Amino acid sequence: MASRSRKSKSDYGSIYKGHEGQWSWMLHRITGVAIILFLFAHVIDTAAVGWGPNAYNRITAAYENPFVRLLELGLVIAVIYHSLNGLKITLIDFFPRLVKHIRPLSLAFTIFFVLLLIPVTWIMLGQTWDLIQK
Amino acid sequence: MATTTTPRTSDPVPPRRGSDTTLGRDRPLGGFELWTWLFMRISGLLLLVLAVGHTLIMHLPAGGVSRIDFGFVAVRWQSPFWRTWDWMLLMLALVHGINGLRNITLDYVRKPGVRFALNMGYYVIGFTLMVLGTVIVVTFDPTKWGPIAP
């Protein structure tokens, strides 16, 4: 990371002092907000089943679009990241001794996350490609 | 809800209850915030199954979300298992997500009036969606629009 060239003006200093954990903390928030915003829309689109096939099929047709499919891939990745990182947070909070092993633990979670990303991205980009070909 | 902050004068030592170790992360000492803290972790573990399972089941099999239409939902919700799964996911995800928004707002929004307005907005949206989702999951009856074709 780049060295800090000027002091923060805040009384609190910078939010975190450069541990890798600040990135997972930030990603946890960003993915969390993204997921809840999608959930708001998703509850409403699913509720359309209560108005019958025409209403529901017209609304879900909005997802049949390559750009929306890329957003969908982002959503799935966000859910996987948020879940794994949340599991890491929960483990550390319930078993504080794990803090001593925070770096290998985080590395293990990151590797697992990346390994999951590969098939998920492959499959969903394939679906997007099929949609473009149609 | 704390609405004021005190400037930090030295490195904070997280206060911990019932433990003489300084290991671990800061956590609320009690009251409402401790219960929401605990709820986030317990619901998080449940959502690890409910939300990740839902995501993988809906998006990854052949056809992806293209296969999801009214008939798909009609067949799927014939099973009380999936209705229960989806309802639990709805409720837990909304409370978990709304509380997350509340936490973020408490971190970044300093003005008490704005905090209050934002939080009330989250609660109204969350409550409305819980009611809407619950009504649909419980009352959905596809036979109103003809026989179910699997």
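This report describes how chains A and B meet, then looks at one helix and one residue.

This is a predicted model: local features need pLDDT of at least 70, side-chain atom pairs count only at pLDDT 80 or more, and totals for chains, interfaces and linings use all residues. Residues are numbered from 1 along each chain as its sequence is written, while chains are lettered from A and ligands numbered from 1 in the order in which they are written.

**The contact between the chains**

Chain A gives 37 residues to the contact and chain B gives 38 residues. Two residues are in contact if their C-beta atoms, placed from the backbone, lie within 7 Å. On chain A, four helices each supply at least two residues of the side that touches chain B. Helices are DSSP runs (H or I, at least four residues), numbered from the N terminus.

| Helix of chain A | Residues |
|---|---|
| α1 | 21-47 |
| α2 | 53-60 |
| α3 | 66-94 |
| α4 | 102-133 |

The largest share, ten residues, comes from α3(A).

**Helix α1(A)**

The 27 residues of α1(A) should span 39 Å at 1.5 Å a residue. The expected span is 1.5 Å times one less than the number of residues. The end C-alpha atoms of α1(A) are 38 Å apart, which agrees. Buried residues of α1(A) include A:Thr31, A:Ile35 and A:Leu39. A residue is buried if 20 or more other C-beta atoms, placed from the backbone, lie within 10 Å of its own, exposed if 12 or fewer, and partly exposed in between. The buried residues of α1(A) pack against α3 of chain A, and against α3 (80-108) and α4 (112-139) of chain B.

**B:Gly31**

B:Gly31 lies in helix α1 (residues 31-59) of chain B. B:Gly31 is exposed, because 8 other C-beta atoms lie within 10 Å.
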